[in-house]
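Please explain how this protein fold is put together, beginning with what it means for a residue to be enclosed and moving on to the sheet and the aromatic contacts.

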Amino acid sequence: MSEAAEGDLIVRREGSAGIIRLNRPKAINAMTLEMSLGIDAALDRFEADPDVAVVILEGAGERGLCAGGDIRGLYESSRAGGDLGKRFWRQEYVMNARIAAFPKPYVAYMDGLVMGGGVGLSAHGRHRIVTEKTKLAMPEVGLGFFPDVGGTWLLSRAPGELGTYFALTGQTMNGPDAIHARFADAVVPSEKWPALREVLTKVKPGTQSSDIERLIDGFATGEASGPVAALQDRIDRWFAYDSMHDIVVALEQDGSELALATLKTLREKSPRGIVVTLKLLRLARKAGSLQDCLVREYRAALEVFRSDDFREGVRAAIIDKDRNPRWSPPDISQVTPEMLAPYLAEIGADELIFPQGK
């Protein structure tokens, strides 16, 4: 077993497995720029090592794989007019695309909380394992943001309008619902993970992804849909529109307890964030690749980083924790096409470019 630095990221070999362990358990392994750079370096190392058969991503501690990005650091940089957003998201999005294209089997253990940037590290991988404790969400609209890290690609490819629902409400998926929404592949009880992990560290170099899949299936429960999947027909009716106005009207006209509760949730989110999210989701449906979506997300993310809504959302949720954000504008109906346009505009020299050969 060879060790790398035991800081916020642990990178090492265990048998034939390259291990990447996020190691900020007190912060539920929230991602920093340095951690993202470290993961990229680990992927370099494991891709080049002929003795590494499989890469395993996991999180330290009992609370989850990763609760997202280091939002507090981004907030402070945004307030100071800094450039952390530009640097952090560029590195992160390029890494998300690399994970999706990684040539060796990549196994993500999605136990506990998996949110935002944690989804980007795991749901683009080839083998995505959830457990009975998984709580997966992309709640960015509550921060004046949108589901990024390739989230618009993933969400736009969920069955029916489930992705639209999860994106606009920020609601949580359990493990089986994550499989139904195409964010995960297998439910493995957490008590069985040590045994499966041990097996994975002993696979032979050159083992194909299909063989890894069969190994995982031997430990899996076979569950493939959860409580939200049971609401698919209703969600599909409510969210089958390309404008927030029409979605709101559909929920109001339904008038059921669930519809009105969903409407109340939507009205707590950033109106600007919700409108931007819906537009990005609809564009993502027509996208030819994950990279196309990431380029579009990067443009929108830089605009978010400059926005008052992002700072206000983070202030209310994380800094002051008063849960009372003052959005601008305060209502969905007041978000104009002129407000939306900067999130979609090309950004010249700052455009996201993916390095060749990774």
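A residue is called buried when its relative accessible area is under 20%, and exposed when that area is over 50%. The model shown here is predicted, and the term applies directly to two of its aromatic residues: both Y109 and W193 are buried.

The sheet offers a convenient starting point. Six strands make up an open sheet in the order β1-β2-β3-β5-β7-β9, and the pairing within this sheet is mixed. At the edges stand β1 (9-14) and β9 (186-187); each has a single partner strand, so one side of each is left without a neighbour in the sheet. In general, the strands of a sheet pair through backbone hydrogen bonds, in either a parallel or an antiparallel sense.

Within this order, strand β2 (residues 17-22) pairs with β3 in the parallel sense, over six bridges. One position can be located precisely: A17 stands opposite V54 in β3. To pass from β2 to β3, the chain runs through helix α1 (residues 33-48), and this β-α-β crossover is right-handed. Strand β3 (residues 54-59) is largely enclosed by the rest of the structure, because five of its six residues are buried.

Strand β3 also pairs with β5 in the parallel sense, here over three bridges. The bridge partner of L57 is A108 in β5. Further along the sheet, strand β7 (residues 127-130) and β9 are likewise parallel, with two bridges between them. In that pairing, V130 stands opposite V187 in β9.

The aromatic residues add a second kind of contact. A search of the whole structure finds ten aromatic pairs. One of them joins Y109 and W193, whose rings are stacked, with 4.0 Å from centre to centre and 5° between the planes. Why does the position of this pair in the sequence matter to the picture? Y109 belongs to strand β5 (residues 106-110) and W193 to helix α8 (residues 193-200), so the pair ties together parts that are 84 residues apart in sequence.

F145 and F146 form another aromatic pair, which is tilted: the ring centres lie 4.7 Å apart and the planes make an angle of 50°. F145 counts as buried because its relative accessibility is 5%, and F146 is also buried, with a relative accessible area of 0%. These two residues belong to one aromatic cluster together with W89, F305 and F310. A ring may also meet a charge, and this is the case at W153: the charged end of R157 sits over the ring of W153, 3.5 Å from its centre.

The loop that follows helix α8 deserves attention as well. T201 is placed in the loop between α8 and α9 (209-217). Is T201 buried or exposed? With a relative accessibility of 9%, T201 counts as buried. The side chain of T201 reaches the backbone oxygen of E198 at a distance of 2.7 Å. Leaving aside neighbours within four places in sequence, T201 is in contact with E14, G15, S16 and A17. Among these residues, A17 has already appeared as the one opposite V54 in β3. By contrast, T201 and G7 are 23 Å apart in space, C-alpha to C-alpha, and 194 residues apart in sequence.

Technical notes. Residues numbered from 1 in each chain as written. Predicted model: local features only at pLDDT ≥ 70, side-chain atom pairs only at ≥ 80, totals over all residues. Heavy atoms only, no water. Phe/Tyr/Trp six-rings, centres within 6.5 Å; stacked < 30°, edge-to-face > 60°. Helix = DSSP H or I, 4+ residues; strand = E, 2+ residues; numbered from the N terminus. Buried < 20%, exposed > 50% of the residue type's maximum accessible area, 1.4 Å probe, protein only. Lys NZ or Arg CZ within 6 Å of the ring centre and 35° of its normal. Contact = heavy atoms within 4.5 Å. Polar contact = N/O pair within 3.5 Å; in protein donor to acceptor, adjacent residues only side chain to side chain. Pairing = 2+ DSSP bridges. Right-handed = clockwise from strand over helix to strand, strands pointing away.
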